[in-house]
Every structure is written in C-alpha cells, then in structure tokens.
Amino acid sequence: MEKLKNLDKIVNLCKTRGIIFAGSEIYGGMGNTWDYGPVGVELKNNIKRAWWKRFVQECPTSFGVDAAILMNPRVWDASGHTASFSDPKMDCKNCKSRCRADNLISAHAKGKVNPDTMTNEQMEAYIAEHHLCCPNCGKCDWTPIRQFNLMFETSRGVVDDSSSKIYLRPETAQGEFVNFLNVQRSMRAKVPFGIAQIGKAFRNEITPGNFIFRTIEFEQMEHQQFCRDGDDQKFYDLFKQKAFDFLTDLGIKKENLRFKDHDKLAHYAKAACDIQYNYPMGWDELNGIHNRSNYDLSRHQEFSGKSMEYTDPFTGEKFVPNVIEYSIGADRLTLVVLCDAYDEETLENGETRVVMHFHPAIAPFKVAILPLQKNLSEKAKQVYSKLAPHFMCDYDEAGSIGKRYRRQDEIGTPFCVTIDFETLENDTVTIRDRDSMKQERVNIADLPQLIASKIVF
Ligand code: ATP
C-alpha cells in the first residue's frame, strides 16, 4: 500500500515538475497515452543514449538501424502477428467495459496460477469459480473470452479497402530482421554480429496503464544477435548478463531486479526469460531476452521468397542464423528509473527532502546555476554560457536558495552551482552535491572538467 502511494506521489511530481503529463490533457486525456515535458524528454533521451552507448557504440560487432514504422503488411503475416498477436478479452455485460481475462486472473492469483499457460475455457472456468467481478462496476456478468488483435490498423492511399490495409508496427524487431542482409553486406559483418534499434511501437492495449508501464504508443530498445546454431546458448547467457549489468550500472538497486523464466515457450523458442522489477504495484516485466532459433529469418525467407542465408567467408557454408533477442521498453525503463531514484529524506531540521537519485549520466539537467541574489544574475549568466555548450544546464533565480535546491533535488540535478559575492572578487563558486548536500568552493574555470568527470556512464 505504501509503495502504491509512492506511485501517486511520483505521478504528481512528474506533472508538477515538467517530467510527464497526461496525453491530450485539455481534452480530458486519452487513455494510456502520456507526453514527456521539458524535464522528462531529457531524462528519456539520456536513457536511450546510455543504452545506445552500451549496446552499439561500445560493441564493435553491433550496428544500428532506424527502420520505417509502416512496413509491408506481409511482414506481419511472416512474423505471425496478423494471425496471433492477441490478448484474451471479455466485456462486462453490465457496464460494457472491456477487460483482459489473463490480467484479472493474475491480479487474483498472485502467482499461484499462470494464465499464459491456460486456454480460454480454463480462464473462463477460473473466473467463474473464483467469482472474479468487473473492476469497474463490481458485477460478475462477463461475455465469453475472445482473442483481440493488438495491432493498430490504418490504410494507405485514397481507397479504404482491404488491399490498402497496413499496420502501425507492434514491435521494432521486424525492422532489424528484414534488414539482416542489408546490414551484413553493407557493413561487411561476419556472424556473430548484432543489429540494434530504438523506435516507436504501437499496441491497442485496453488494460489500465499503471502510468507509463503499459501504454498504447511506446518506444522499444532492441538488440538482435545473429549467431550460429550451437553458439546460441552462449549468447543467450551473455545477453542476460549484459541486460542485467546495464540496469545495475544505471543505478537500479539489485534487490529490485530478478530473472523470471517464461513458463510457456513459443513452439520455435529455445529459451526465454524476463528481467522483472519490483514496481509499486508488484513484480512485473521490465525486459525480455529470447532465444528464438532461426524462426524469424526462416519465416521471412519463406514469405518473401528471398534467401536469408549467410555464407561463411572461410568455409563457404550457407546457413540461416539463429537470433538472440533482447528487448526493453524505453518508457518502462523510465518508470523504473523514476521509482528506483525516488526518495524522501528527513533532514536534521525535521523537514522532508524529496530527491531523485538519478545516475548523473541520465539526470535531465547536469547542473543548475543559481545566483544567490538577483543582482548577481549577470555573473551567473556568464557561468551559464560557459557551461551550456557542454551540459544541459538549468538557470533559476526565483525564490530562496533553499527552495531552489529543493526544486533541483526533485528533478535529480546532481550539481548546483551558486554564485555569491565572493564570485565577483575571485571567480570562484560553490558546487553542491545532490546526494551528500556537501558544498565545495571551486574555480569557475575548473567547472567543465570537474562536472564532466562525474557524469560518465
Ligand atoms: P507485456 O507482457 O508486459 O505485455 P510483452 O512480453 O508483450 O510485454 P515484448 O513484446 O517482449 O513485451 O516487448 C518488449 C518490451 O517492450 C517489454 O519488456 C516492455 O519493456 C516493452 N513493452 C511492451 N509492451 C509495452 C507497452 N504496452 N507499453 C510500454 N512498454 C511496453
């Protein structure tokens, strides 16, 4: 309960501090959509940058792409999404609200049964036996469960008929798969190698979102490792470790993370697991790691009629590589970062300090420039101009210095630079550390180097 209250506080802080707003708010909002504000866009961009640095920049055998959101609809036949990318839904006959049967069962069973392994009939029987009622109106009068495809449809061109039907991509992965040979040939890549992408995906989710945990439009950060059959277990283990290390290096507490193997595997999958996070609403998925055999490339070979084979340059052997997929939602990771960094500290004077202990590399602003009094603003603006080319800086001259420190703590700014009268005399400032609240006097000339050394990821 206490943790859930924290989620309310985080949502509220996000709104008042320009991190995340409800989507289309002035029109009453639109379910499961959120807009990132001036502070939030920095946070999410920094998270994406940190991920890209770790999984592309620092990996000589990984290559980035940015594929189109709208793809040839045959792609979704090959991937299996048109046939079976669906959730089990039922409607409340009383209030007409729609509900996911599997989520209703999970919330009730608290891990004792796994709805992913149940048929629709088994789920209906469980719901009847345990008298699971509508979360909206409290009545227990459900329609039978139907599978509901999660892909958003749209049409291209002027004629709206079935031949013009296309989809907003429900995952980014297919953009990496269809470009496998383009990347391999243009970059002269040798298997094993990886293709990574960060991009938007869309799913017609009807479940209430728990803030940005589950939204209908979201960004995925994905890395597909192409390898030989036989090497796949090695890369599966490697990416499990790399995915976990990335999170703990970002500062996420180890005790809030755990691996969870999938109970039910797709017929082609050799292994699959999630890393779960202990959210305010309980343990749930943060990212997935899947050993997908050579299913994806083989399906594209079958449906496109184009060979997806790789030729080993040394042996001449031809084969369709296996894929180890690692996929994490940028928005879901942003939620994890917010929940994990949020802290309420009681100060010596009894006041409460709300502080976001973000890793400095992903903090929205690296430094805030604060003139002690307004008549020091000219000097303070000179300091701002010196630092702004290097880092995202905030400038604030409104209110008492104590209040300004609190505001920066709430958005997780790791350093506050205060300009006082001594600054005018000897070009020194105080720099305050967010976490320890300790202050140090330093030369303005040393600031860029000093701050840069403390924000490395
Ligand atoms: P879930 O079980 O939560 O619906 P999934 O297993 O369908 O997720 P994947 O298809 O494996 O998810 O997608 C990879 C990652 O993308 C997830 O681990 C999650 O971080 C993110 N993700 C998936 N769906 C959503 C969504 N609707 N909103 C936000 N992030 C999402």
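This passage describes the overall architecture, the ligand site, the cysteines and the local backbone features of a predicted model.

The protein comprises 457 residues, of which 50% are buried, and its secondary structure consists of 15 helices and 23 strands. Along its principal axes, the C-alpha trace extends over about 75 × 65 × 50 Å. The domain assignment divides the protein into domain 1, which is made up of the two segments 2-85 and 150-337, domain 2, which covers 86-148, and domain 3, which covers 365-454. Between the C-alpha centres of domain 2 and domain 3 there is a separation of 54 Å.

The ligand is surrounded by 15 residues, and those that come nearest are Arg203, Glu205, Arg214, Glu285 and Leu286. When the shell around the ligand is sorted by class, 4 of its residues are nonpolar, 6 are polar and 5 are charged. Three strands each supply at least two residues of this shell, namely strand 10 (217-227), strand 13 (282-291) and strand 16 (322-329); of the elements that contribute to the shell, strand 13 gives the most, with 4 residues.

Polar contacts to oxygen atoms of the ligand involve both side-chain and backbone atoms of the protein. In the side chain of Arg203, an N or O atom is placed 2.9 Å from an oxygen atom of the ligand, and for the side chain of Arg332 the corresponding distance from an N or O atom to a ligand oxygen is 3.0 Å. Leu286, by contrast, takes part through its backbone, where an N or O atom lies 2.8 Å from an oxygen atom of the ligand. The ligand taken alone exposes 590 Å², and 83% of that area is buried by the protein.

The structure contains 1 disulfide, which links Cys133 to Cys140 with an S to S distance of 1.8 Å. The torsion about the S-S bond of Cys133 and Cys140 is -55 degrees, so that the link is left-handed. Both partners count as partly exposed, because the relative accessibility of Cys133 is 25% and that of Cys140 is 33%. Two further cysteines, Cys227 and Cys273, were examined for possible partners. The sulfur of Cys227 has its closest cysteine sulfur in Cys59, at 15 Å, and is therefore too far away for a bond, given that a disulfide requires sulfur atoms within 2.5 Å. For Cys273 the closest cysteine sulfur is that of Cys227, and this distance of 15 Å is likewise too far for a bond. Cys227 is classed as buried because its relative accessibility is 0%, and Cys273 is also buried, with a relative accessible area of 0%.

Several backbone features fall outside the usual pattern, since most residues other than glycine have a negative phi and most peptide bonds are trans. The peptide bond between Val191 and Pro192 is cis, with omega at about 10 degrees, and Pro192 is located in the loop that runs between helix 8 (180-186) and strand 9 (193-202). His131, which is not a glycine, adopts a positive phi of about 55 degrees; this residue is placed in the loop between helix 6 (120-129) and strand 6 (146-149), and His131 counts as exposed because its relative accessibility reaches 58%. Ser293, another residue other than glycine, has a positive phi near 50 degrees and belongs to the loop between strand 13 and helix 10 (295-304). In contrast to the exposed His131, Ser293 is buried, its relative accessible area being 13% and therefore under the 20% limit that defines a buried residue.

Two helices may be described in further detail. Helix 13, which spans residues 401-410, has as its buried residues Arg404, Tyr405, Gln408, Asp409 and Glu410. After helix 13 comes Gly412, for which phi is positive, near 75 degrees. Helix 7, which spans residues 173-178, contains Phe177, a residue that is buried with a relative accessible area of 0%. Phe177 and Ala50 are 127 residues apart along the chain, and their C-alpha atoms are separated by 23 Å.

Conventions
Residues are numbered from 1 along each chain as its sequence is written. This is a predicted model: local features need pLDDT of at least 70, side-chain atom pairs count only at pLDDT 80 or more; totals for chains, interfaces and linings use all residues. Side-chain values use heavy atoms; hydrogens and water are left out. A residue is near a molecule or strand if one of its heavy atoms lies within 4 Å of it. A polar contact is a pair of N or O atoms within 3.5 Å; within protein, one must be able to donate a hydrogen and the other to accept it, and residues adjacent in sequence count only if both atoms are side-chain atoms. Accessible areas come from the Shrake-Rupley method with a 1.4 Å probe; for residues, only the protein chains shown count as cover. Ala, Val, Leu, Ile, Met, Phe, Trp, Tyr, Cys and Pro count as nonpolar, Asp, Glu, Lys and Arg as charged, and the others, Gly among them, as polar. Buried means under 20% relative accessible area, exposed over 50%, partly exposed in between (1.4 Å probe, protein chains only). Domain bounds come from an automatic or database domain assignment.
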